[in-house]
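Hi there,

Here is the structure I promised to pass on. Have a look at it first, and then read on for what turned up in it.

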Amino acid sequence: MSVNRLLRVGTVAVASLGVLALSACGSDPEPSGSSSPEGSSSTGADCPQGTLNAEGSSAQKNAIEEVIAKYNEKCADVTVNYNPTGSGAGIKQFNAAQVDFAGSDSALKTEAADGDSEAATAAKRCENNAALNLPMVIGPVAIAYNVDGLDKLVLDGATAAKIFQGTVKTWNAPEIAKLNPGVTLPSAPISVFFRSDESGTTENFTKYLAASGGGAWTGKPAKKWTGTGAGKEKSAGVAEGVKSTKNSITYVEWSYAVDNKLGVAQIDNGSGTPVELTAESAGKALAAAKVTGTGNDLSMSLDYATKEAGAYPIILVTYEIACSKGLPAEKTALVKSFLSYFASTDGQASLTELNYAPLPDEIRTKVDAAIQSIS
Amino acid sequence: MSVLAANKPAYDGQTLDLSGKSGARAFKNTLATVLIVLAFAVALIPLLWILWTVISKGYSLLFDANWWSQSQRGVTVRREGGGAYHAVMGTLIMGLITAAIAVPIAILGAIYLVEYGKGTKAARAVSFMVDILTGVPSIVAALFVYAVWITVFGFNRVGFAVSLSLVLLMLPVVLRSTEEMLKLVPDELREASYALGVPKWKTILKVVVPTAFGGIVTGVMLGLARVMGETAPLLILVGYSKNINLNPFDGFMGALPTMINQDRTELALEPAADRVWAAALTLILLVLALNLLARLVARFSAIKSK
Amino acid sequence: MSSPDGTAPPDRPADGTPAPQAEPQIEDLVVGEPAGPAPHFEGLAAAHADDQPTQAAAAATATGPKLELGPVGHLGDRLFAGLARGSGGLVVAIVAFVGVFLLALAIPALADNQSSFLFSRVWEPGGEEPRFGIAALFYTTVVSSIIAMVIAVPIAVGVALFTTYYAPKRLAAPVAHAIDLLAAVPSIIYGLWGILFFAPILRPVIDGVSGALGWLPVFEKPTGDNVGVVFTASVVLAIMILPVVTAISREIFAQTPIAHREGALALGATRWEMIRISVLPYGRSGVVSASMLGLGRALGETVAVLIILSVPNGNDPWNSSIFAGGETFASKIANNAAEFDSPEKTGAYIAAGLVLFVVTFLVNSAARLIVARSGPGGKRPRRNRSAGGAAAKEGAVA
């Protein structure tokens, strides 16, 4: 039969192509660490087997990828996939039971928008058990700029709000000049870049602008940008925009600012001395944060208007959202195993070099306890 | 003849005036030559530039044996190493499933249009619908499958869902090219077959389709090449996995376009940037290989008519 | 003024019924058969078809009833006919299903919409009072695609003419292949290349044009040095569709009957006059339809546009300049696909997708209409780009 012949030839052709191209059978790379000895698929008590799928915040992508890599050195038989499509997508996919846990830049919302609230839908997905908000990665948000010859830039909340609102339009505006005495600022207009997709970074940053902008920021904090400027897609887009555009500024996760070699503004939080963005200064701001969730729900409320000396106030807490109960047993074991590693000192230590801030010990132990309570 | 009449005005100004000064005509000719060569040069610059960018930045990883045999498991954007095996396999698997669904429908649909429904209202309706399908942007096809597969049926996002949306994109391409090829099969062949008492369905399968076989294969391969480079359905319908997953019905799956899409957010980091260009080059080579294959198959299967 | 008489051109005898005319004109040679399908020898098929011109010609004109079959193979026949019809029906069902489904998802959102869907440029779907309109999306989508066409089509025609009638044969084939290969570059790569490598060199062009013509709102340059503007996206789109338009145009130009060309040359026409008199009229409809297919592709392009274009903020007044940012239907949907968290919101984007679908369809239909009415050549180029490319590639091989 010719149709069959057609199909057969087509199939064989493509298959043989694949075989040709991939004459060696595919495999996963050897773990790069030395911790796992040859040929031992370490199946210890805390190393189950299987596949975990997760999705959500792109702000924690680099962190979770690093932790997955490290985790696989320990537990080689667990496959963890993380799809960094955004917090909203993560929660949506989690609630639709498409993934085993979600990453999100904000805790599940408890107030109902239309229909059930996020938290209620998530509880339904967990067979009527609460879903936990587990703070896991602290990502400082940098105000990144690209101005020739400007190595150091100091901003405070009000000035930042004015720049991003569009009321301060040039680099040599008196507001900026006052904070940067002795620095020659160009007279060029400021090109602002913002995230054109809805993002937790935008939400946290606008929370900061609203809290410490002294009324200069007129919009409500939201995932969608309401200020001035030109929008680019995702963190990579805004970082690239600033990199390629002179006299521009944006807000972006710290690691993108560092990787793209952009200038990072120091923030005068009102304490008098400008604070440079470091893991330490970001950690200090987190210490001012409060856990607002009850029991094992660890949703946090950050104090964006903190005036503590040496605290860098613009930080982003990304959560892992997981079922407290209600997943199938093998998935529960996997979730517990992976998240425990994520919250361990080991897991958190690897984040510093990626320009994230580790969880302070006090919060980390709470997170760990919450994870252990998952059943 | 109304067609002709409608066309006439376009020609009125184009009569050859051979009595003009030959200097002016020669000048025009030279000018046209210069412009055409210039257009060629202008076109070639960006096209070569793109190819050069991809090849020069991507070739080195392709010579690494691991590139063809390993996945990206445990490899982060800051680390070298790993390969594209998971993505190549994912792309091939999804492409093959797409072809397995789209090709029979497309060929049978074309057979219907050419052999059975010719000129009927029903055939015109089918033809019209194929036209509509040609106009469906990939993102709309992906949204549709998302709505059906996940919202209505409540299934998980898997490679198969991607294949379903790619079917919508591949179907009209293959159907149209097959239709054109079947139309070129001379009716004498059919009539000779009928005259020998061969039933119509056997005539189609044994005479018509084999005659057009080469062209059909070419169409299939090109349709496949087109859908393999699609990004939008992959973003919406399957999670990207850095691990090897050869099961299109379960779990996330890697693919070359999504591999590019993942690492392109970290272009500032060298290992990620290298992988972006290498994956792009791999995809181009894969498509190129398919095209060459199609040509080979077409050439060998061509029915000699003398 | 004269032309060859009504005898069929030697290399394309099957191209139509040659009709001797009292006042023969070139285009009269190729009157398309009004009834019955005109044969089109594209690409690969041309290779076989040229071997047996009389047969093919007969096939084209044979429109009489098919031979009815005897009882032999009745069951098989019915089965197979059923299968074929079923496939045809399946295509209809799929399209109807897609249409109905998307409409069903879009209508509730449209019903809740508080502002004019067609004329508003606000985009705030979801929430208590969803307000969204496609005016700005429509403008950017159409303007960027049209600029892409204006740039790409003349160049594509030039390249096609170069490879068919100017370049030495040895050069033409590899060049044709190289250009075809570019149709295989994934669009995500065009986007990356466009923003990283190409946009910086467009900077002076943007400054120059806006400096000279900036008093026109369309060329007005907003403050700042942003290169992610509609113009940049348009140029990259032009580069993206260039291979497609070139491939189809080239194939059609190559099919110009040799009698037309040699007739012109024999009259003493220069090469350009030959092209103007014989090749361009013959290929006109084909070029139009190739352009329309390119336009369709530009309209629906997603990832490349998403990477390049910067999005204007909601506070600034609307800027019609091609040197400002913008969003197209496809880029808007792709950029926000992650946040489809409520049916209303999803419906709004699906409604936008439907408009894109309708616009693309109208463009494709226009192309088809123009081609169906095509006088000169009577040739119908491929309806879709890939098949066109196929034929073109095969043509190059043959």
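In chain B, helix α5 meets helix α7 through B:Val130, B:Leu133 and B:Thr134 on the α5(B) side. Across from them, α7(B) brings B:Leu168, B:Leu171, B:Pro172, B:Leu175 and B:Arg176 to the contact. Sorted by class, this contact of α5(B) with α7(B) holds 6 nonpolar, 1 polar and 1 charged residues. Please bear in mind that this is a predicted model, so treat what follows as a reading of a prediction.

To find the two helices on your screen, look at residues 121-134 for α5(B) and residues 159-183 for α7(B). Their axes come within 8 Å and cross at roughly 130 degrees. Because of that angle, α5(B) counts as oblique to α7(B). The crossing of the two is left-handed.

Helix α5(B) also packs with α4(B), which covers residues 85-116. Here the axes are 9 Å apart, and the angle is about 140 degrees. How do α4(B) and α5(B) lie to each other, then? They are oblique, because the angle does not go over 145 degrees, where roughly antiparallel would begin. This crossing, too, is left-handed. The residues that meet are B:Gly109, B:Tyr112 and B:Leu113 from α4(B), with B:Ala123, B:Val126 and B:Ser127 from α5(B). By class, the contact of α4(B) with α5(B) has 4 nonpolar and 2 polar residues, and no charged ones.

Now to chain A. Its domain assignment gives two parts: domain 1, made of 4-20, 31-139 and 318-372, and domain 2, which spans 140-284. Where they touch, 17 residues of domain 1 of chain A are in contact with 18 residues of domain 2 of chain A. Which elements give two or more residues to the domain 1 side? They are α3 (87-95) and β4 (131-146) of chain A. On that side, the classes come to 5 nonpolar, 11 polar and 1 charged residues.

One residue in chain A that you might like to click on is A:Thr85. You will find A:Thr85 in the loop between β2 (78-83) and α3 of chain A. Is A:Thr85 buried or exposed? A:Thr85 is buried, because 24 other C-beta atoms lie within 10 Å and 20 or more are enough for that label. Setting aside neighbours within four places in sequence, A:Thr85 is in contact with A:Glu55, A:Gly90 and C:Ala338. A:Lys234 is 149 residues from A:Thr85 in sequence, while the C-alpha atoms of the two are 9.8 Å apart in space.

Last comes chain C, which has 13 helices and 3 strands. Of its 398 residues, 57% are buried. Among the contacts in chain C with a separation of 6 or more, 74% are between residues 24 or more positions apart.

A residue to pick out here is C:Gly286, which lies in helix α9 (residues 271-300) of chain C. C:Gly286 counts as buried because it has 27 C-beta neighbours inside 10 Å. From C:Gly286 to C:Leu202 the separation is 84 residues in sequence and 31 Å in space, C-alpha to C-alpha.

Happy to go through any of this with you on screen.

Best wishes

Note on methods
Residues are numbered from 1 along each chain as its sequence is written. Chains are lettered from A and ligands numbered from 1 in the order in which they are written. This is a predicted model: local features need pLDDT of at least 70, side-chain atom pairs count only at pLDDT 80 or more; totals for chains, interfaces and linings use all residues. Helices (H or I, at least four residues) and strands (E, at least two) are DSSP runs, numbered from the N terminus. A residue is buried if 20 or more other C-beta atoms lie within 10 Å of its own, exposed if 12 or fewer, and partly exposed in between; C-beta atoms are placed from the backbone. Two residues are in contact if their C-beta atoms, placed from the backbone, lie within 7 Å. Axes are lines fitted to C-alpha atoms, for helices over the stretch in contact, and angles run from 0 to 180 degrees between N-to-C directions. Angles under 35 degrees count as roughly parallel, over 145 as roughly antiparallel, 65 to 115 as roughly perpendicular and the rest as oblique. A crossing is left-handed if the near helix is turned anticlockwise from the far one by less than a right angle, and right-handed if clockwise. Ala, Val, Leu, Ile, Met, Phe, Trp, Tyr, Cys and Pro count as nonpolar, Asp, Glu, Lys and Arg as charged, and the others, Gly among them, as polar. Domain bounds come from an automatic or database domain assignment.
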